[in-house]
Amino acid sequence: TLSRGGDVSVQGTNDDAQISKLSCAKLGYFKDEFIKYFVRRSSRRSPLINRGYFARVLALRGLLEQFFDVVSRLDASEGRQHVAQVLSLGAGFDTTFFNIEAEDRSRARWFEVDFKEVTQRKAAIIAANAPLHEQLGPNAKEKIHPGEGKVQTEALSVLPADLRDVDGVESALLASGFDPQLPTYVLAECVLVYMEAEESTALVRWLGKFLSTAACIVYEQIKPGDAFGRQMLTNLECRGCPLRGLQATPDLAAHQLRFLKNGWQRADAKDMSTIYRAYLDPTEKHRAERLEIFDEFEEWHMIQDHYCLVLAVNDASGVLHDFKFK
Ligand code: SAM
């Protein structure tokens, strides 16, 4: 896959995200022993950014754990080694796989997709660091191919593909053992918004058709129209990263509708202010809120209003009946 113009700066957003996650991990917002391997130049972020990433990571981790809880009930009856899959779209250097594996092995087979330039770097970093490749089972190093940008083990597949080419994504997944029949948790964390609206909608539609039992979680910006939203857009555009999709999914209703109109049975969307206030663990919030001096409350609420979580479900078998924001 050859990248088009502008893709390089989109790939750069990955480094930015991981620097922020490392900043949080160092300050104790959440535990992540693996993120340090993926950051070349670390930098301490502002309390405002740290708290935002804390909310993002905690909320996403909660949904993933809930999904594992739901599908683990299938464990005994099915008798398979893996009862579920995770598909991370535009995964970048996200470390959730390593953190999950370190805690509790083989709850799901894990598939990550990103541009080849990104997966090449990810594969090289995994190959170079024992704490990472040791989690991939015996002889893992033979199954890591930095040149091709591929990792191909039983537990984890890292695959190079352009999400704007759904046929390419589908064949890469099938070739690496992805099973569209298994319950699948699909994550698009700050990814779809960088694509043109038609391209991300095509991806949503293909996923809806391809996966009969799946939850799809999207985390990204909303509300480009108000003063703060315009400022947010300008900041990103100055760094060469237009949020191309934002005009088509400017609010919660548009996010919900995109799934409902494109082959998904149900969809819900909440802004991060609501998620933070009503859905995050109060003990964790209390702990995190004492880590740094914080007085930018007005800006904090504004920022959280401009990010959302979308939860969509396709559920042929009824397994995911109870999967929702909790
Ligand atoms: N999901 C990770 C996280 O939240 O830590 C990384 C997010 S980063 C902001 C966006 C990622 O999406 C980058 O790694 C970028 O390369 C990837 N991406 C954007 N458009 C893509 C496309 N068309 N095909 C493959 N990957 C894409």
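Start by selecting C216: its sulfur sits 12 Å from the closest cysteine sulfur, the one in C308, so the two are too far apart for a bond. C216 is also buried, at a relative accessible area of 3%; buried here means under 20% relative accessible area, exposed over 50%, and partly exposed in between, using a 1.4 Å probe and the protein chains only.

Before moving on, note that this is a predicted model, where local features need pLDDT of at least 70, side-chain atom pairs count only at pLDDT 80 or more, and totals for chains, interfaces and linings use all residues. Residues are numbered from 1 along each chain as its sequence is written, and side-chain values use heavy atoms, with hydrogens and water left out.

**The cysteines**

Stay with sulfur for a moment. A disulfide is taken as a pair of cysteine sulfur atoms within 2.5 Å, and a search of the whole structure turns up 0 of them. Select C190 next: it is in no disulfide, and the nearest cysteine sulfur, belonging to C308, is 9.6 Å away. C190 is in the loop between β6 (184-189) and α8; helices (H or I, at least four residues) and strands (E, at least two) are DSSP runs numbered from the N terminus. With a relative accessible area of 15%, C190 is buried. Check its backbone too: phi of C190 is near 55°, a positive value in a residue other than glycine.

For another positive phi, jump to K223, where the angle is near 55° and the residue is again not a glycine. K223 is in the loop between β7 and α9 (227-238), and at 32% relative accessibility it counts as partly exposed.

**Into the cores**

Now colour the nonpolar residues. A nonpolar core is a set of buried Ala, Val, Leu, Ile, Met, Phe, Trp, Tyr and Cys residues joined through side-chain atoms within 4.5 Å. The largest one has 77 residues, and the members touching the most others are F67, I126, L156, Y185, I217, L309 and F323. Which helix gives the most to this core? Select α2 (residues 47-72), which gives the most, with 13 residues.

Centre on L309 and show what surrounds it. Leaving out neighbours within four places in sequence, L309 is in contact (heavy atoms within 4.5 Å) with residues including A59, L60 and L63, then I217, V218 and Y219, and also M272, I275 and F325. Apart from this core lies another, of 33 residues, with L89, V186, F210 and your starting point C216 among them.

**The ligand**

Bring up the ligand and the 21 residues that surround it; the closest are K21, R56, G90, D114 and L163. To reproduce that set, pick residues with a heavy atom within 4 Å of the molecule. Then draw three distances, keeping in mind that a polar contact is a pair of N or O atoms within 3.5 Å; within protein, one must be able to donate a hydrogen and the other to accept it, and residues adjacent in sequence count only if both atoms are side-chain atoms.

- G90: a polar backbone atom is 2.9 Å from a ligand nitrogen.
- D114: an N or O atom of the side chain is 2.6 Å from a ligand oxygen.
- E189: a polar backbone atom is 3.1 Å from a ligand nitrogen.

Switch on the surface: the protein covers 98% of the 590 Å² of accessible area that the ligand has on its own. Such areas come from the Shrake-Rupley method with a 1.4 Å probe; for residues, only the protein chains shown count as cover.

**Helix α8 and strand β7**

Select S200, in helix α8 (residues 197-210). Is S200 buried or exposed? S200 is buried, with a relative accessible area of 1%. Its side chain makes a polar contact of 2.8 Å with that of R258. Beyond neighbours within four places in sequence, S200 is in contact with L192, M195 and R258.

Next comes T213, in strand β7 (residues 213-221). T213 counts as buried at 5% relative accessibility. Among its contacts, neighbours within four places aside, are L182, P183, T184, N314 and D315.

**The loop after α1**

Finish in the loop between α1 (7-27) and α2, where you will find K31. K31 is exposed, with a relative accessible area of 69%, and its side chain joins that of E33 through a polar contact of 3.5 Å. G28 is in the loop between α1 and α2 as well. At 26% relative accessibility, G28 counts as partly exposed, and it touches R287 and L291, not counting residues up to four places away in sequence.
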